[in-house]
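Trainee: I would like to go through this structure and hear the reasoning behind the labels. Could we take it one term at a time?

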Amino acid sequence: MKVIDKYLLPIIAATLILAGALRLALMPAFRFSNAVWALLCIPIAAVALLVCDFVRYRTRASLWIFAVVLLAAAILSKHFCIALGVVLLGIWIYNVAQ
């Protein structure tokens, strides 16, 4: 494993979190509903990653197909962008702690 491979996942996760936070900060008003939507998207992002991993494993499809779908969802939804970053950071923390 190269040195950059160890830090690629947290870099991507931090980029997603910061991009989503910046998009939320540029909104005219931050409401409580925005925070609730961001929290509700965390389990949705986790399930989306689990489904992508399961389908990729079962069909031997390319990972890029699922990466493009998840990236498109993150671009379209600032809440999903933050949630996907939090889930990826959680995966990295879990793998490093073991």
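Mentor: Start with contact: two residues are in contact when they have heavy atoms within 4.5 Å. The model is predicted. With that cut-off, and leaving out residues up to four places away in sequence, V55 touches R60 and F66.

Trainee: How far apart are V55 and F66 in sequence and in space?

Mentor: V55 and F66 are eleven residues apart in sequence, and their C-alpha atoms lie 9.3 Å from each other. Contact is judged on heavy atoms within 4.5 Å, so the pair still counts as touching.

Trainee: Why is V55 called partly exposed?

Mentor: Buried means under 20% relative accessible area and exposed means over 50%. V55 has 30%, which lies in between, so V55 is partly exposed. Its place is in helix α2, residues 32-59.

Trainee: N34 is in α2 as well. What makes N34 buried?

Mentor: The relative accessible area of N34 is 8%. The limit for buried is under 20%, so N34 is buried. Beyond its neighbours in sequence, N34 touches L24, M27, A29 and H79.

Trainee: And how do you know that H79 is buried?

Mentor: By the same test: H79 has 13% relative accessible area, under the 20% limit, and therefore counts as buried. H79 is found in α4. Leaving aside neighbours within four places in sequence, H79 is in contact with L24, N34, W37, A38 and C41.

Trainee: Which other residues of α4 are buried?

Mentor: Besides H79, the buried residues of α4 are F80, C81, I82, A83, L84, G85, V87 and L88. Over the whole chain of 98 residues, 23% count as buried.

Trainee: I91 is also in α4. Why is I91 called partly exposed?

Mentor: I91 has a relative accessible area of 35%. That is neither under 20% nor over 50%, so I91 is partly exposed. Leaving out residues up to four places away in sequence, I91 touches L9 and L49. I91 and A13 are 78 residues apart in sequence, with 9.8 Å between their C-alpha atoms.

Trainee: How do you know that the length of α4 is close to what is expected?

Mentor: The expected span is 1.5 Å times one less than the number of residues. For the 20 residues of α4 that gives 28 Å, and the helix reaches 29 Å from its first C-alpha to its last, so the two are close.

Trainee: What elements does the whole chain have?

Mentor: There are four helices and zero strands, and from the N terminus the order is α-α-α-α. The C-alpha atoms fill a box of roughly 45 × 30 × 20 Å along the principal axes. Among contacts between residues at least 6 apart in sequence, 78% join residues at least 24 apart.

Trainee: Which helices line the largest pocket?

Mentor: At least two lining residues come from each of α1 (3-25), α2, α3 (63-76) and α4 (78-97). The pocket has a volume of about 980 Å³. Its lining has 27 residues, with L9, L49, L63, L70 and L88 nearest the centre.

Trainee: What makes 22 of the lining residues nonpolar?

Mentor: Each is one of Ala, Val, Leu, Ile, Met, Phe, Trp, Tyr, Cys and Pro, so it counts as nonpolar. The remainder of the lining is one polar and four charged residues.

Trainee: What is the accessible surface of the chain?

Mentor: The accessible surface comes to about 7100 Å², and 76% of that belongs to carbon and sulfur atoms.

Technical notes: Residues numbered from 1 in each chain as written. Predicted model: local features only at pLDDT ≥ 70, side-chain atom pairs only at ≥ 80, totals over all residues. Heavy atoms only, no water. Buried < 20%, exposed > 50% of the residue type's maximum accessible area, 1.4 Å probe, protein only. Areas by Shrake-Rupley, 256 points an atom, 1.4 Å probe, with all protein chains shown as cover. 1 Å grid on protein atoms, 1.4 Å probe; cavity = no way out; pocket = protein on both sides within 12 Å on 5 of 7 lines; lining within 4 Å. Points joined across faces, edges and corners; volume = space filled by probe spheres on them.
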